[in-house]
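Here are some notes to read beside the structure, written for someone meeting this kind of model early in their studies. Please keep the view open while going through the points.

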Amino acid sequence: QVRLVESGGGLVQAGGSLRLSCAASGRTFSSYAMGWFRQSPGKEREFVAAISSSGGSTYYADSVKGRFTISRDNGKNTVYLQMNSLKPEDTAVYYCASRTYVGIAYGVRDYDYWGQGTQVTVSS
């Protein structure tokens, strides 16, 4: 069983920054690709960013490319999402997800384990 716990959300002004963290249990973290998704009221959960098991490959949704950076520290069993130049439309609950394969994927159904989410609110 893999457990994921997100943290680092909060309220920021437009143009500000936050860094989200996702702490994972389990000794096989380094074998899993990881992703970040988000969901706001009235919308389906959407892909934000993904990173391969080694951290060597990343992929971003067009809406966040150039502003967000996903990274991981396999020694700490943690994946991060650095969020810069935040916009009000980034407001959502952000979820960390784990995929039991090494490679990147973009869909909700490609991931096997999910955290409970952390709220990010960006004010105008």
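**Notes on the disulfide and on Thr-78**

1. In this predicted model, the torsion about the S-S bond of Cys-22 and Cys-96 is about -80 degrees, and the disulfide is therefore left-handed. The two partners come from distant parts of the chain, since Cys-22 belongs to strand S3 (residues 18–24) while Cys-96 belongs to strand S9 (residues 92–99), and they stand 74 residues apart.

2. It may help to recall that a disulfide is a covalent bond between the sulfur atoms of two cysteines. The structure holds one disulfide, and in the link between Cys-22 and Cys-96 the S to S distance is 2.0 Å.

3. Are the two cysteines buried or exposed? Cys-22 has a relative accessible area of 0%, so it counts as buried, and Cys-96 is likewise buried, because its relative accessible area is 0%; the cut-off for this label is under 20%.

4. Turning to Thr-78, please find this residue in strand S8, which covers residues 78–83. With a relative accessible area of 9%, Thr-78 falls under the 20% limit and is therefore buried.

5. Which residues does Thr-78 touch, once its neighbours within four places in sequence are left aside? Thr-78 is in contact with Ser-21, Cys-22, Ala-23, Phe-29, Arg-72 and Asp-73, and this list includes Cys-22, one of the two cysteines that the disulfide joins.

6. Finally, a polar atom of the side chain of Thr-78 lies 2.9 Å from the backbone oxygen of Lys-76.

Terms used
Residues are numbered from 1 along each chain as its sequence is written. This is a predicted model: local features need pLDDT of at least 70, side-chain atom pairs count only at pLDDT 80 or more; totals for chains, interfaces and linings use all residues. Side-chain values use heavy atoms; hydrogens and water are left out. Helices (H or I, at least four residues) and strands (E, at least two) are DSSP runs, numbered from the N terminus. Buried means under 20% relative accessible area, exposed over 50%, partly exposed in between (1.4 Å probe, protein chains only). A polar contact is a pair of N or O atoms within 3.5 Å; within protein, one must be able to donate a hydrogen and the other to accept it, and residues adjacent in sequence count only if both atoms are side-chain atoms. Contact means heavy atoms within 4.5 Å. A disulfide is a pair of cysteine sulfur atoms within 2.5 Å.
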